[in-house]
Amino acid sequence: MPVTHPPPAPLASQSTGPLRGHVRVPGDKSISHRALMLGALASGRTRIRGLLEAEDVINTARALTTLGVPARKAGDTWEILGRGTGGLAQPEGPLDFGNSGTGTRLMMGVIAPHDITVAMTGDASLSQRPMGRVLDPLKRMGLEVEDDADRLPLTIRGSARLTPIVYELPVPSAQLKSAILLAGAGTAGETTVIERAATRDHTERMLRHFGAEVSTVADNGVTRITIRGEAELEGREVTVPGDPSSAAFLIAAALIVPGSDLTIEGVLVNPTRTGLYTTLQEMGGDVTFLNAREEGGEPVADIRARFSKLSGVSVPAARAPSMIDEYPMLAVVAAFAHGATRMDGLAELKVKESDRLAATAAGLAANGVRAEVEGDTLIVHGRGGVAGGGLVATHLDHRMAMSFLVMGLASERPVTVDDTAMIATSFPEFRPLMERIGARFGEAAA
Ligand code: S3P
């Protein structure tokens, strides 16, 4: 059944005074999905503090409820009473994942080692995204896919007798790695994923936290991650740190709006996620990490950003996995820098919630910024400021909407995005939080 969204809600942002304050951003989306899923596969009670309450994650919670493992909020904590590895029940109807590739792909791995048949659906954006990359290795393990579909809507049939595999990732994707490891957790024997580019490692960390045996062996840039199957997962306490991909919008805004000085407290700074921050520092951005600590098995820090004079840089392809969701925001920042910023290795950007490579280039052009796409490379010609005045097509993509709203806070004329509804998939508090630190939004210019 197709998912319908509310009518588009355009919004404009306009030049604003300094952004200042100490704020927190909501919990990390990747960790929130994983905490719910592992809570469901563990036996006993899991308590999650700081869970991201955004549409993508709520859809995962709903899917788990339909599979017989309800997650509930009690006070400020989410609780889930897990049914143990292999304990998911046959659902009555289809699971609707809305806009979320992470929810869909990781749940394929969660469902695979169960004797259940599950129909999966999503919205127009999600229904265009490739699922074959996850289904192919899962099929090698024994999953069946009706009609050999590789796009939603589709129906999968799991099996409690999957075969373990050794699989080298053909694309640097944490979602793909995670789906195989989650399927491996419910499969007798050892399942191994080989990766040539490090991708976010939250699944490995959290599997260990729940008691699974997961080894990570790195040699010459090649990492082998092995999980011992039929893992006895046990319910745990999980604390979800602030999402660095959400903090990115605030940090970027502070760097480009004159006079700004902003501190975001309690942000996840796992090195597989901090490529944007490294890049902003290389551009001359005054970005500092304060009070570094560890919380719930993940590195966390407060991040301070102050308005800075920025220069164009070259961002190596090898850094892409550690900042894959942040390129639209970086491209906007690059327009305010002096000189060209070159971003290589962006093939995966084309298969996100939208084709972010094309959509970002179009959004820049609409606001008077010169940018070129050459194959998998984006080059933005920064001139120390942006004319603005454009209308940006967001293509059901939350990060497109937020990135270009940030642009309007520092451009000469307001920037309008055609739809803000999708911001609720990852960062529902975006607008009030930005307004609290001084940002100004208004009704879209006609
Ligand atoms: C995610 C992995 C990335 C990222 C997505 C979240 C995850 O996707 O873009 O927002 O939680 O594993 P890919 O694995 O497709 O690169």
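## Ligand contacts

In this predicted model, arginine 34 puts a polar side-chain atom 2.7 Å from an oxygen atom of the ligand. Lysine 352 does likewise with a polar side-chain atom of its own, again 2.7 Å from a ligand oxygen. Alanine 174 joins in through its backbone: an N or O atom there lies 2.9 Å from an oxygen atom of the ligand.

How much of the ligand's accessible area does the protein cover? Taken on its own, the ligand has 390 Å² of accessible area, and the protein covers 96% of that. As for where the ligand sits, the space it takes is the largest pocket.

## Who lines the site

Besides Arg34, Ala174 and Lys352, the residues around the ligand are Ser30, Thr102, Ser173, Gln175, Arg200, Ile324 and Asp325. Sorted by character, the shell has four charged residues, four polar ones and two nonpolar ones.

Which helices each supply at least two residues of that shell? They are helix H1, spanning 29–41, and helix H5, spanning 174–185. At the domain level, the shell takes at least three residues from domain 1 (11–27 + 241–443) and at least three from domain 2 (29–239).

## A loop with odd backbone geometry

Now for the backbone, away from the ligand list. Most peptide bonds are trans, and most residues other than glycine have a negative phi. The loop between strand S8 (144–145) and strand S9 (154–157) holds proline 153, and the peptide bond running from leucine 152 to proline 153 is cis, with omega near -5°.

Aspartate 148 is found in the loop between S8 and S9 too. What is the sign of phi at aspartate 148, positive or negative? It's positive, at about 55°, even though this residue is not a glycine.

Terms used:
Residues numbered from 1 in each chain as written. Predicted model: local features only at pLDDT ≥ 70, side-chain atom pairs only at ≥ 80, totals over all residues. Heavy atoms only, no water. Near = heavy atom within 4 Å. Polar contact = N/O pair within 3.5 Å; in protein donor to acceptor, adjacent residues only side chain to side chain. Areas by Shrake-Rupley, 256 points an atom, 1.4 Å probe, with all protein chains shown as cover. 1 Å grid on protein atoms, 1.4 Å probe; cavity = no way out; pocket = protein on both sides within 12 Å on 5 of 7 lines; lining within 4 Å. Sits in = over half its atoms within 2 Å of the grid points. Helix = DSSP H or I, 4+ residues; strand = E, 2+ residues; numbered from the N terminus. Nonpolar A, V, L, I, M, F, W, Y, C, P; charged D, E, K, R; others polar. Domains from an automatic or database assignment.
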